[in-house]
Amino acid sequence: MFRKILIANRGEIALRVLRAARDLGIRTVAVHSTADTTAMHVRLADEAICIGPPPARDSYLNIPNIIAAAEIAGADAIHPGYGFLSENARFAEIVEEHRITWIGPRPEHIRTMGDKMEAKRTAARLGLPLVPGSDGPVTPGPEAARLAGEVGFPVLVKAAAGGGGRGMKVVESPAALDGAIAQARNEAKAAFGNDAVYLEKYLKAPRHIEFQIFGDGKGHAIHLGERDCSLQRRHQKVLEEAPSPVLGEEERARMGRICADAMAELGYRGAGTIEFLWEDGRFFFIEMNTRLQVEHPVTELVTGVDLVAEQIRVAAGLPLSVSQGDIRLHGHAIECRINAEDPETFAPSPGEVTEWHAPGGPHVRVDSALFRGWRIPPHYDSLIAKLIVWGEDREAAIARMARALEETAIGGVRTTIPLHQRLLGEPDVRAGRYSIKWLEQALAKPKPPA
Ligand code: ADP
């Protein structure tokens, strides 16, 4: 087992990794920018090393400085968390070239899945059902028009290198196609340094259902059920739950097995998430994330498996501590992402946290790096806390989440807590009747009087 892990991240996920490491008796090294000198991940780690100025490209994305920090501290492994360098195959290679263990999938798998077109080709080869679309990149012209006609309008133009809900354009009719492709290529070039775009059928009202998988890198893989992440704004997840309210046990077992078998065939190592859109009982693969997800705790609460500890074990060459037969879903879990944002306009709301009271009680988990007096820097993601609850069933989980949100007090900055409170009161949400479109449509409607 490792003696010391460097955590190449910040915020709640740095703490999450730190806690798993500590539970396993492993020392931790935090890295931080000058904006995070007093951050909680710095305060809780055994050692901390400054890796640069506030902009992420100069610090949390600064590969030479992170590698230097690992060497100075004598870390024998690096955990990337999510975001930042977690899906950078070159970084994973550089880590390994320095004889430091990369706590993550093999670089070639990160690379394959990082290109969404390549990911779809691989998924098809492994037997996963795909969203109909172009097999490769498209450019403006008659060939794209022919493909779009085959797929059927509306179509979605997607960037091969896209991520974080960016780089997508809906095209309603043939006349708008060439313009949309040209614009998407320009935007993709600017945002991701890669102008390849492809076409996909635009599904009207699907759900987003993703399977958590885990591979040991030696040809064995399991699944840990699914998460439903259909409540989204701008293609970004807002609230997630496990299990999905629409999947039966048989369907889960069937689809989970398909995912696990695909990962076993790939020889996949570590944690991964296979994302699907689901419509009228059918699954359509959209992408695979080769890392830990923000919403992983809901899976932990319904399976009892510590996914980060499993990542560390597998990276150390140990077998998975659970087999498929050990995975039993128990009850229901919900996660609310609490962002430092205006709950109406969603404008970021950085600043000093003047009050922080976390909710508690049975089956309430708070993943957050907040503390009173912390000045939330404007340079990074606005996620400041994840509130995760468990209940015997979905109704109990919803009631407990409402109670936990009520208890939570965050002063000094605006947060999305009121949005979550509103969501949990909505009959459609309570009934589990929502697609990926539901939230934006609800937000467009006038608010009911208080
Ligand atoms: P990213 O990597 O940017 O998160 P994804 O491919 O995972 O992109 O898609 C993000 C979200 O965009 C999905 O959860 C869904 O809401 C929407 N989306 C993606 N593909 C389609 C599609 N073919 N039809 C309708 N919505 C889609």
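This report walks through the core, the aromatic contacts and the hollow spaces of a predicted model.

## The nonpolar core

Start with the inside. The largest nonpolar core holds 39 residues. Six of them touch the most other members: Ile338, Ile376, Met401, Leu405, Leu423 and Trp438. In soluble globular proteins, nonpolar side chains tend to be buried together.

Several elements give two or more residues to this core. The helices are helix 2 (40-44), helix 12 (394-407), helix 13 (417-425) and helix 15 (438-444). The strands are strand 11 (236-242), strand 14 (332-339) and strand 19 (383-391). Helix 12 provides the largest share, with five residues.

Now take one core member, Leu423. Leu423 sits in helix 13. Its relative accessible area is 3%, under the 20% cut-off, so Leu423 counts as buried. For a sense of scale, compare its position with that of Gly136. Leu423 and Gly136 are 287 residues apart in sequence. In space, their C-alpha atoms are 39 Å apart.

## Aromatic pairs

A pair of aromatic rings is described by the distance of the centres and the angle of the planes. This model has nine aromatic pairs. One of them joins Phe211 and Phe276. Their ring centres are 6.3 Å apart, and the planes meet at 85°. An angle over 60 degrees counts as edge-to-face, so this pair is edge-to-face.

What does this pair tie together? Phe211 lies in strand 9 (residues 207-216), and Phe276 lies in strand 12 (residues 269-279). The pair therefore links parts that are 65 residues apart in sequence. Phe211 is buried, at 0% relative accessible area. Phe276 is buried too, at 0%. Phe211 and Phe276 also belong to one aromatic cluster, together with Phe283 and Phe285.

Another pair joins Phe371 and Trp374. Here the centres are 5.7 Å apart, with 40° between the planes. This pair is tilted. Are its two residues buried or exposed? Phe371 is buried, at 11% relative accessibility. Trp374 is buried as well, with a relative accessible area of 7%.

## Charges over rings

Rings also meet charged groups. The charged end of Arg207 sits over the ring of Tyr434. It is 4.6 Å from the centre of that ring. The charged end of Arg233 sits over the ring of Phe346, 3.7 Å from the ring centre.

## A pocket

Next come the hollow spaces. The second largest pocket has a volume of about 320 Å³. Its lining has 14 residues. Which of them are closest to its centre? They are Glu249, Arg252, Ile327, Arg328 and Leu329.

Two elements each supply at least two lining residues: strand 10 (221-233) and helix 9 (249-266). By residue type, the lining of this pocket has seven nonpolar, four polar and three charged residues.

## A closed cavity

How many cavities of 30 Å³ or more does the whole structure hold? The search finds one. The largest cavity has a volume of about 50 Å³.

Many residues line the largest cavity, among them His79, Pro80, Gly81 and Ser86. Ile103, Gly104 and Pro105 also take part, as do Thr290, Arg291 and Leu292. Ala271 and Gln311 line this cavity too. The lining divides into five nonpolar, six polar and one charged.

How values were computed:
Residues numbered from 1 in each chain as written. Predicted model: local features only at pLDDT ≥ 70, side-chain atom pairs only at ≥ 80, totals over all residues. Heavy atoms only, no water. 1 Å grid on protein atoms, 1.4 Å probe; cavity = no way out; pocket = protein on both sides within 12 Å on 5 of 7 lines; lining within 4 Å. Points joined across faces, edges and corners; volume = space filled by probe spheres on them. Helix = DSSP H or I, 4+ residues; strand = E, 2+ residues; numbered from the N terminus. Nonpolar A, V, L, I, M, F, W, Y, C, P; charged D, E, K, R; others polar. Phe/Tyr/Trp six-rings, centres within 6.5 Å; stacked < 30°, edge-to-face > 60°. Buried < 20%, exposed > 50% of the residue type's maximum accessible area, 1.4 Å probe, protein only. Lys NZ or Arg CZ within 6 Å of the ring centre and 35° of its normal. Core = buried A, V, L, I, M, F, W, Y, C linked by side-chain atoms within 4.5 Å.
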